[in-house]
Amino acid sequence: MDETAGPLPPRLLGITTFVLAQVGRAGRARMGRMMDEHGLGLWHFAVLSALDDAAPASQRDLGVRLRIDPSDLVEVVGRLEGAGLVRRERDPADRRRYVVELTAEGRAELDEVTRRAAGLDAELLAPLTPDDRAAFERIARVLLAHHDPRARPGRAKAPAPPSAPGPGDGWPSRTGRAARG
């Protein structure tokens with residue numbers, strides 16, 4: 001954030017939606033920079049995560065589940081396939097469909113990105129006490145479930161995030177995996 005800019009107007013700070021948007025913006029920027037280091041974009045991460053949850057999956061089903069336009073999804077899956085992170089093949093039962101599944105390299109990349117994302121969570125939420133962080137995370141999930149039925153309890157399994165690295169634990173940088181999207 002720009003420390004040289006003037007303070008935000010109190011009227012804006014009194015609007016929770018504005019405050020949440022600004023926190024989301026800070027988190028998305030951090031996540032985007034980290035994903036760039038992996039040569040991935042947020043849609044790539046979403047596709048890898050969905051395939052980890054339910055693979056193999058048809059390309060069409062992935063698009064519907066993640067709300068990614070079919071033409072955009074073709075490009076995202078193509079880049080992941082080119083990087084060796086997914087395998088895409090015609091469905092033998094319906095040659096018009098493509099079935100996509102995670103490769104071993106894709107799972108390893110997903111695990112690494114997820115581990116780093118947990119570190120970003122810890123950084124973003126650092127000012128909160130452990131109890132406040134747990135409450136914030138719970139409240140954020142309640143709000144998301146209210147506004148997006150895909151996030152409602154029982155609709156998806158939510159694995160515990162991997163532990164964040166401790167002091168001195170560096171993250172190796174991998175670049176050139178797939179084009180950012």
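**Figure 1. Gly 39 follows helix H2 with a positive phi.** Gly 39 sits just after H2 in this predicted model. Its phi is about 70 degrees. The helix before it, H2, runs over residues 16-37. Its 22 residues should span 32 Å at 1.5 Å a residue, and the end C-alpha atoms are 32 Å apart, so the two values agree.

**Figure 2. The buried residues of H2 and their cover.** Six names belong here: Phe 18, Ala 26, Met 31, Gly 32, Met 34 and Met 35 are the buried residues of H2. Helix H1 (10-13) is included in what covers them. Helix H3 (42-53) and helix H6 (104-124) are also part of that cover.

**Figure 3. Leu 120 of helix H6 meets H2 residues.** Leu 120 lies in helix H6. Its relative accessible area is 13%, below the 20% limit, so Leu 120 counts as buried. Beyond its neighbours within four places in sequence, Leu 120 contacts Arg 30, Met 31 and Met 34. Met 31 and Met 34 are themselves among the buried residues of H2. Arg 28 is 92 residues from Leu 120 along the chain, yet their C-alpha atoms are separated by 10.0 Å.

**Figure 4. Helix H3 and the largest nonpolar core.** H3 has twelve residues. From first C-alpha to last it reaches 16 Å, close to the 16 Å expected at 1.5 Å a residue. Buried in H3 are His 44, Phe 45, Val 47, Leu 48, Ala 50 and Leu 51. The largest nonpolar core holds 25 residues. Within this core, Val 47, Leu 48, Leu 51, Leu 62, Leu 80 and Val 86 touch the most other members. At least two core residues come from each of H2, H3, helix H5 (70-82), strand E3 (94-102) and H6. H3 gives the most, with five residues. In soluble globular proteins, nonpolar side chains tend to be buried together.

**Figure 5. Leu 80 and its contacts.** Residues up to four places away in sequence are left out of this view's contact list. Leu 80 then touches Leu 40, His 44, Val 47, Leu 48, Leu 85 and Val 86. Of these partners, His 44, Val 47 and Leu 48 are buried residues of H3.

**Figure 6. Asp 91 pairs with Arg 97.** Asp 91 belongs to strand E2 (residues 86-91). A relative accessibility of 10% is under the 20% limit, so Asp 91 counts as buried. Its side chain makes a polar contact of 2.6 Å with that of Arg 97. Past four places in sequence, Asp 91 touches Arg 97, Tyr 98 and Val 99.

**Figure 7. Arg 88 lies over the face of Tyr 98.** The distance from Arg 88 to the ring centre is 5.5 Å. Tyr 98 is also touched by Asp 91. Across the whole structure, the search finds zero aromatic pairs.

**Figure 8. Thr 103 in the loop between E3 and H6.** Thr 103 has a relative accessibility of 12%, so this loop residue counts as buried. Its contacts, not counting residues up to four places away in sequence, are Gly 84, Leu 85, Val 86 and Arg 87. Leu 85 and Val 86 are also touched by Leu 80.

**Figure 9. The whole chain, for orientation.** The chain has seven helices and three strands. Along the sequence they follow the pattern α-α-α-β-α-α-β-β-α-α. Of the 181 residues, 27% are buried. Among contacts with a separation of 6 or more, 60% join residues 24 or more positions apart.

Terms used:
Residues are numbered from 1 along each chain as its sequence is written. This is a predicted model: local features need pLDDT of at least 70, side-chain atom pairs count only at pLDDT 80 or more; totals for chains, interfaces and linings use all residues. Side-chain values use heavy atoms; hydrogens and water are left out. Helices (H or I, at least four residues) and strands (E, at least two) are DSSP runs, numbered from the N terminus. The expected span of a helix is 1.5 Å times one less than its number of residues. Buried means under 20% relative accessible area, exposed over 50%, partly exposed in between (1.4 Å probe, protein chains only). Contact means heavy atoms within 4.5 Å. A polar contact is a pair of N or O atoms within 3.5 Å; within protein, one must be able to donate a hydrogen and the other to accept it, and residues adjacent in sequence count only if both atoms are side-chain atoms. A nonpolar core is a set of buried Ala, Val, Leu, Ile, Met, Phe, Trp, Tyr and Cys residues joined through side-chain atoms within 4.5 Å. Rings of Phe, Tyr and Trp (its six-membered ring) pair if their centres lie within 6.5 Å; planes under 30 degrees apart count as stacked, over 60 as edge-to-face and the rest as tilted. A charge sits over a ring if NZ of Lys or CZ of Arg is within 6 Å of the ring centre and within 35 degrees of the ring normal.
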